[in-house]
Amino acid sequence: MINEINSLRAEIAVKLPGIKTSNDLENFRLEYLVKKGKLTGLFDRLKDVSKEDKPVVGKELNLLRQFTETEFNSLKDKLEDSAESVPDIDLTLPGRRNFTGSKHPVLQTIQGMVDIFQSMGFTVAEGPDIEDGYHNFDALNFPPDHPARDMQDTFFIKSDSELLLRTHTSPVQIRVMKSQKPPIRCIMPGRVYRNESINARSLAEFHQIEGLYINKKVTFAELKGTLMTFAKKMYGDDSKFRFRPSFFPFTEPSAELDMSCFLCKGKGCRICKQSGWLEILGCGMVHPNVLSECGIDPDEYSGYAFGFGIERVTLLRTGMDDIRLLYENDIRVLEQF
Ligand code: PHE
């Protein structure tokens with residue numbers, strides 16, 4: 001028995017320096033100190049030792065147990081201390097990704113367009129989102145019974161056209177023409193609101209960029225040239241465009257600019273309603289009534305104006321096929337642009 005105690009002591013003495021982690025320590029405890037462990041097992045056999053040997057064997061066994069428990073406890077303390085100061089680090093785990101934000105695709109479009117127009121000599125102006133009927137309609141030559149004034153298209157804040165959410169950025173033209181003297185060459189980006197049902201092509205709240213150039217002898221050819229220069233810079237030399245006659249109360253003559261569909265390249269698809277073309281802006285020569293309303297003599301000055309829908313431009317630029325994707329704020333969509 002004494003021999004067994006000695007060899008167990010030797011075994012334990014070899015094991016102890018090898019204990020480096022709490023896992024090792026637990027294995028040690030399970031091997032020696034639990035009820036069925038090697039050390040406890042020796043105590044069980046004490047009953048078989050002869051009466052005269054018992055005190056000696058018992059003493060040796062107790063010494064070994066004391067020694068083992070003291071060592072066990074001090075190792076336990078040591079490991080707990082070091083666990084507090086140095087957290088377990090698994091160096092094999094992949095590093096945490098650093099999420100950096102980026103500009104929203106609509107903002108990227110606005111900034112890209114502003115950059116191009118600024119390089120062509122346009123300055124930037126802004127106006128309020130909450131407008132009155134005068135700036136949004138009357139000064140822009142809308143007749144009193146124009147359907148756009150209807151509750152169905154316009155979000156009114158107060159009745160009688162007193163206050164409303166602007167339905168386009170054209171009221172900023174009025175504010176600019178009333179506060180500046182020609183020549184005026186500026187663009188006016190901003191948010192606009194329409195009481196429309198939301199679908200893949202339209203939203204109730206979106207953005208436009210308005211453009212305005214007023215000077216002596218401005219011609220429609222200049223409007224065309226400016227827009228074509230812009231469009232080629234924005235979409236590349238090989239995109240195709242066409243002007244189509246149109247109507248706006250505040251321009252005469254008026255036109256719309258179409259671009260060949262980005263998805264089907266002009267063959268006809270769901271996005272372009274099988275026409276092969278997508279409308280990107282409205283434009284025209286500023287109506288003489290609008291010039292006079294703003295104190296500019298239509299016999300001396302003329303000018304052109306245009307207005308883009310920015311979300312539409314963003315779809316063309318990114319190839320997204322549903323305008324709603326822009327505002328669902330799904331990171332998986334936004335981080336692609
Ligand atoms: N304001 C018009 C719209 O919202 C666009 C436009 C602007 C047309 C300027 C002509 C000139 O549809």
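1. This note concerns a predicted model, and it starts with the cysteines. Cysteine 261 is buried, its relative accessible area being 1%. Cysteine 294 takes part in no disulfide, since the nearest cysteine sulfur, which belongs to cysteine 186, is 12 Å away and a disulfide needs two cysteine sulfur atoms within 2.5 Å. Cysteine 294 also counts as buried, at 8% relative accessibility. By the 2.5 Å rule, the count for the model comes to 0 disulfides.

2. Helix α8 deserves a closer look. This helix runs over residues 220-235, has 16 residues, and reaches 22 Å from its first C-alpha to its last, which is close to the 22 Å expected at 1.5 Å a residue. Its buried residues are Leu223, Thr226, Leu227, Phe230, Ala231, Met234 and Tyr235. Viewed down the axis of α8, these buried residues fall within an arc of 135°, so they line one face of the helix. The general background is that an α-helix has 3.6 residues a turn, so residues three or four places apart point the same way.

3. What, then, covers the buried residues of α8? The cover includes two helices, α5 (105-119) and α10 (310-318), together with the strands β7 (241-248), β8 (251-260), β9 (277-286) and β10 (302-309). Just after α8, the backbone at glycine 236 takes a positive phi of about 95°.

4. The nonpolar interior can be described next. The largest nonpolar core has 45 residues, and those with the most contacts inside it are Tyr235, Phe306 and Phe308. Two or more residues are given to this core by each of α5, β6 (205-215), α8, β8, β9, β10 and α10. Tyrosine 235, which is among the buried residues of α8, touches Phe241, Met259, Ile280, Val313, Leu316 and Arg317, when residues up to four places away in sequence are not counted. A second core, separate from this one, has 24 residues, including Ala139, Phe142, Ile174 and Ala305.

5. A buried acidic residue should be checked by eye. Glutamate 131 lies in strand β2 (residues 130-131), and it is buried, with a relative accessible area of 1%. The side chain of glutamate 131 is joined to that of arginine 175 by a polar contact of 2.8 Å. Once its neighbours within four places in sequence are left aside, glutamate 131 is in contact with Asn136, Glu162, Leu163, Leu164, Arg166, Pro171 and Arg175, so arginine 175 appears both in this list and in the polar contact, where contact means heavy atoms within 4.5 Å.

6. Threonine 318 is another polar residue to examine, and its place is in helix α10. At a relative accessible area of 18%, threonine 318 is buried, because the cut-off for that term is under 20%. A polar atom of the threonine 318 side chain lies 2.8 Å from the backbone oxygen of threonine 314.

7. Two peptide bonds that precede prolines are cis in this model. The bond from proline 182 to proline 183 is cis, with omega near 0°, and proline 183 sits in the loop between α7 (170-179) and β5 (184-193). The bond from glutamate 252 to proline 253 is likewise cis, with omega near -5°, but the place of proline 253 is in strand β8.

8. Positive phi values away from glycine are also worth listing. Asparagine 141 has a positive phi of about 70° although it is not a glycine; this residue is in the loop between α6 (133-136) and β3 (156-158), and at 23% relative accessibility it counts as partly exposed. Asparagine 329, again not a glycine, has a positive phi of about 55°, and it is found in the loop between α10 and α11 (331-334).

9. Is isoleucine 198 buried or exposed? At 53% relative accessibility, isoleucine 198 counts as exposed, and its place is in the loop between β5 and β6. Not counting residues up to four places away in sequence, isoleucine 198 touches Leu203, Ala204 and Arg324. Isoleucine 198 and glutamate 71 are 127 residues apart in sequence, and their C-alpha atoms are 74 Å apart in space.

Notes
Residues numbered from 1 in each chain as written. Predicted model: local features only at pLDDT ≥ 70, side-chain atom pairs only at ≥ 80, totals over all residues. Heavy atoms only, no water. Helix = DSSP H or I, 4+ residues; strand = E, 2+ residues; numbered from the N terminus. Expected span 1.5 Å × (residues − 1). Buried < 20%, exposed > 50% of the residue type's maximum accessible area, 1.4 Å probe, protein only. Arc of directions from axis to C-beta. Core = buried A, V, L, I, M, F, W, Y, C linked by side-chain atoms within 4.5 Å. Polar contact = N/O pair within 3.5 Å; in protein donor to acceptor, adjacent residues only side chain to side chain.
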